[in-house]
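Trainee: I would like to work through this model with you. Where should we begin?

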Amino acid sequence: MKRDATIAAALFALIALLPLAGEAYWMRLGTIVLMYGVLAMSWNFIGGMAGYPSFAVAAFFGLGAYTGAVAQKLGLPMGLAWAGAGLMALAFAVLLGLALLRLRGHYFAIASLVVAEVLRELVNAATGLTGGGMGLNLPIPTMASVDAQARFFFYAMFGLAALTFAATLATTYSKLGFGLRCIRQNESAADMLGVDTTFYKVSGFALSGVFVGMAGAVYASWVYYIEPPDVFDVLFSVKAIVMVLLGGAGSVFGPLIGAALFLGLEELVWRNYLEVHTGVLGLMIVVLVLFLPKGLLSLSQRFGHWRPMG
Amino acid sequence: MLTLQILANGLVLGGLYACIASGFSLVWGVLNVINILHGSFIVLGGYLAYFAYVTAGVHPFLSILIAIPAFFVLGYALQRLMINRIIAAPVLLTLTLTFGLDLMLSNGMILAFTADFKKLVLDPPLGTIAFGAVVLPIDRLAAMLLALALTGMLYLILSRSRIGRAIVAVRMDREAAALMGVDVKRIYAATFGLGAMMAGASGPLLVMIFPISPLGGPAYLGKAFVICVLGGLGSVPGAMIGGLVLGVVESFGSLWFGPEHAITLSFSLLILMLLFRPHGLLGRKGYE
Amino acid sequence: MSALLELEGVTRRFGGLRALSNVTLSVPRGEVVGLIGPNGAGKTTLVNVITGVHPASAGTVRFAGEDITRRRPYQAARRGIARTFQIVQPFSGMTVLENVAAAAMFAGGIAYGDAANDEAMQHLRFVGLGEVAHQSAASLTLAMRKRLEFAKGLAMRPKLLLLDEVNAGLNLNEVEAALELIRAIAARGVTVLIIEHLMKVVLSLCSRIVVLHHGELIAAGAPQAIIEDPRVIEAYLGRRYSKAQAGADG
């Protein structure tokens with residue numbers, strides 16, 4: 001753990017220096033990379049460590065975005081709004097986890113995917129509170145300059161990413177992380193060995209929600225206009241998963257590295273092939289799953305327990 | 001009587017739904033793969049029928065006959081070349097793979113067909129037919145009957161043909177089937193082909209009734225999910241029952257809550273089923 | 001001195017099938033009790049009910065005086081009930097050491113980290129797997145996996161150890177070694193309930209035997225009495241043999 005922490009400290013120190021590069025483009029890209037880093041690291045708690053194929057990231061992100069946005073509209077300062085969004089996402093994750101984590105495999109995956117859709121529809125319908133399909137305008141941040149604003153949000157995401165990473169580190173090298181790994185290997189055996197599987201799974205799920213919720217809220221403040229389909233987009237879930245697959249599931253640095261790599265590739269495609277953007281994204285996913293399912297970081301590490309069919 | 005009309009509407013819709021779900025259910029039940037492409041196959045079939053009609057006057061019912069072999073081959077090839085490579089992998093990988101493939105397909109369709117909604121309007125229109133107090137549009141009724149015919153055909157294939165029996169055997173016990181000399185890889189490919197075939201063949205039916213767009217796949221996919229959970233996995237009768245139930249629920253739901261909430265309604269139903277009866281109304285055990 | 005494990009009227013139904021019918025038995029503290037019966041008698045189901053994998057449809061299970069009928073498996077584990085499995089499945093993605101450390105941590109209550117690792121090493125050495133501690137559990141042979149099961153069971157610091165067909169698939173030498181291990185475990189004061197087919201094992205280890213047949217307890221008592229019990233003979237060999245035996249004796 002000490003070694004990982006030292007490497008991380010150096011890595012994060014380097015990232016913190018990015019704004020010095022000056023260009024707004026790099027800061028914007030950096031902010032997005034950090035945001036997806038949070039998403040990927042968060043998914044890793046439930047998907048990588050515990051082995052539950054969750055597609056709920058989009059649900060937590062959207063929920064956090066709207067909670068933060070509504071809070072700000074009601075007058076709360078950004079910091080509090082973000083914290084509130086985190087708490088909301090945490091509470092929701094616990095309740096949802098208690099309901100859904102009884103399901104396994106496909107059923108769990110689909111249920112978690114559907115939750116985002118249902119939330120989106122509910123937010124759409126609650127026009128009084130959320131503006132519904134017409135979207136929600138947040139108070140525009142008033143900062144010294146455009147640059148200062150960009151830097152502010154960069155460091156906000158940076159702080160969140162650092163926090164998420166710290167949580168990843170702490171969990172990986174603790175009884176919780178060990179328990180989640182046992183659950184992924186063989187849940188009923190883990191139960192027999194004394195692991196309170198419900199408690200551990202819900203904890204993992206809660207961790208997968210709280211930081212994503214905050215990221216959603218920060219995102220909302222950053223772009224200061226959100227619509228349900230933007231923030232409840234299933235692509236958030238899928239990209240988080242793909243990033244972790246790319247970097248190596250269950251590992252400490254994998255999600256972050258996967259996020260950086262994936263977004264780097266995506267930026268190249270965006271700039272050059274706008275029309276086929278989603279198609280190329282799909283192609284990337286296909287190639288990754290077929291040829292590198294175990295990720296780049298841990299090519300030799302076994303990706304969980306491959307159950308044969310039937 | 002209004003209730004009877006709504007019920008009839010629901011049943012007609014349900015017949016169509018049964019068709020689109022049966023192929024999906026088969027693939028999920030036998031290969032343990034959730035084919036995210038299924039919805040887009042339906043849309044693709046619909047587009048092909050639309051353009052065949054609009055440019056060459058090919059009647060959609062005829063397009064179905066073309067779609068059947070075309071989509072079977074497409075599905076077979078796709079499974080054999082790509083999906084089979086990760087067939088034993090965790091749920092996550094197969095889901096993500098078909099998701100990626102779906103992104104490619106829908107992007108392709110946007111480029112080829114533009115993102116506009118298209119609906120096939122028959123010229124001359126077929127009109128309506130009345131059964132007592134219940135009035136049904138003939139095109140919907142015909143579509144439902146054809147959908148039922150397709151579903152029935154799938155059922156016959158599974159219960160009477162050699163390959164169908166092999167598929168059922170693999171579903172029950174893959175290892176035992178292999179020991180009996182069944183080429184499991186070929187069966188997987190054939191099953192996926194059948195699933196694609198059912199999807200592609202229902203496209204022409206659906207495009208006559210609902211407008212379609214390249215991004216409409218997920219909506220049909222969502223319905224297929226719900227139907228599978230309602231009716232249980234891997235069985236045609238299950239898809240039938242699930243389809244009819246969903247059709248009726250949506251019909252009455254539209255009346256009570258408004259049509260824009262149809263999706264929320266069916267998804268809420270899905271979640272309730274998953275929480276309380278994940279093996280379907282028939283109580284049949286599917287794969288996890 | 002009350003028994004460590006007491007079952008009273010335990011019944012377990014699966015749909016229409018009665019896997020266990022009104023089973024009443026007790027396992028005294030510190031003894032090695034054998035559970036035998038023909039295939040399908042319900043022996044593994046009994047263990048599943050005791051550990052909470054399947055809830056009992058009726059009856060009570062009492063452990064150290066406490067009613068644990070409604071308890072879930074992890075709770076049984078933490079209270080001191082450990083079990084091994086017929087079909088051995090270690091955490092194949094983890095090392096041998098990690099497998100045992102998991103048992104020590106979650107059931108045995110040892111702290112995460114060095115404490116659990118040290119405890120695990122101790123148990124691994126006790127069963128003779130000290131050398132392979134850092135190998136992947138998937139790389140072990142069957143006999144070694146069975147010993148790993150023992151190590152895990154011990155790391156759980158159990159008061160009661162339920163052994164389910166630990167000798168299946170082992171050759172004669174390996175069975176002997178397993179016997180020695182079980183004796184050593186019992187000598188440490190662990191109460192053992194062993195499901196076993198091999199009569200030689202049962203007779204040499206157990207001070208008491210209970211016999212299950214079609215989910216019912218048909219006999220219980222000292223080993224010698226059991227093997228001569230006509231109901232037991234009938235259960236294993238059928239009525240005609242039992243009658244013939246009685247005829248030959250009488």
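Trainee: How far does helix α2 of chain B reach from its first C-alpha to its last?

Mentor: This is a predicted model, in which local features need pLDDT of at least 70, side-chain atom pairs count only at pLDDT 80 or more, and totals for chains, interfaces and linings use all residues. Residues are numbered from 1 along each chain as its sequence is written, with chains lettered from A and ligands numbered from 1 in the order in which they are written. Helices here are DSSP runs of H or I with at least four residues, strands are E runs of at least two, and both are numbered from the N terminus. Helix α2(B), residues 37–56, has 20 residues; at 1.5 Å a residue, 28 Å is expected (1.5 Å times one less than the number of residues), and the helix comes close to that, at 27 Å.

Trainee: Is α2(B) mostly covered or uncovered, and how many of its residues are buried?

Mentor: A residue is buried if 20 or more other C-beta atoms, placed from the backbone, lie within 10 Å of its own. By that count α2(B) is mostly covered. Of its 20 residues, the buried ones number 15.

Trainee: Which residue just after α2(B) takes a positive phi?

Mentor: Look just past the end of the helix. The phi there is about 70°, and the residue is G57(B).

Trainee: Which element gives the largest share of the side of chain A that touches chain B?

Mentor: Contact means C-beta atoms, placed from the backbone, within 7 Å. Chain A brings 36 residues to this contact and chain B brings 37. On the chain A side, α5 (105–125), α12 (234–247) and α14 (277–291) each supply at least two residues. The largest share, 10 residues, comes from α5(A).

Trainee: And where chain A touches chain C, how many residues of chain A are polar?

Mentor: Here 18 residues of chain A meet 18 of chain C. Ala, Val, Leu, Ile, Met, Phe, Trp, Tyr, Cys and Pro count as nonpolar, Asp, Glu, Lys and Arg as charged, and the others, Gly among them, as polar. The chain A side has six nonpolar and four charged residues, and its polar residues number eight.

Trainee: What is the radius of gyration of chain C?

Mentor: Chain C has 10 helices and 10 strands. The globule rule, 2.2 Å times the number of residues to the power 0.38, is compared with a radius taken over C-alpha atoms. For 250 residues the rule gives 18 Å, and chain C is close to that, so it is as compact as a globular protein of that length, with a radius of gyration of 19 Å.

Key. Contact = placed C-beta atoms within 7 Å. Buried ≥ 20, exposed ≤ 12 C-beta atoms within 10 Å, placed from the backbone.
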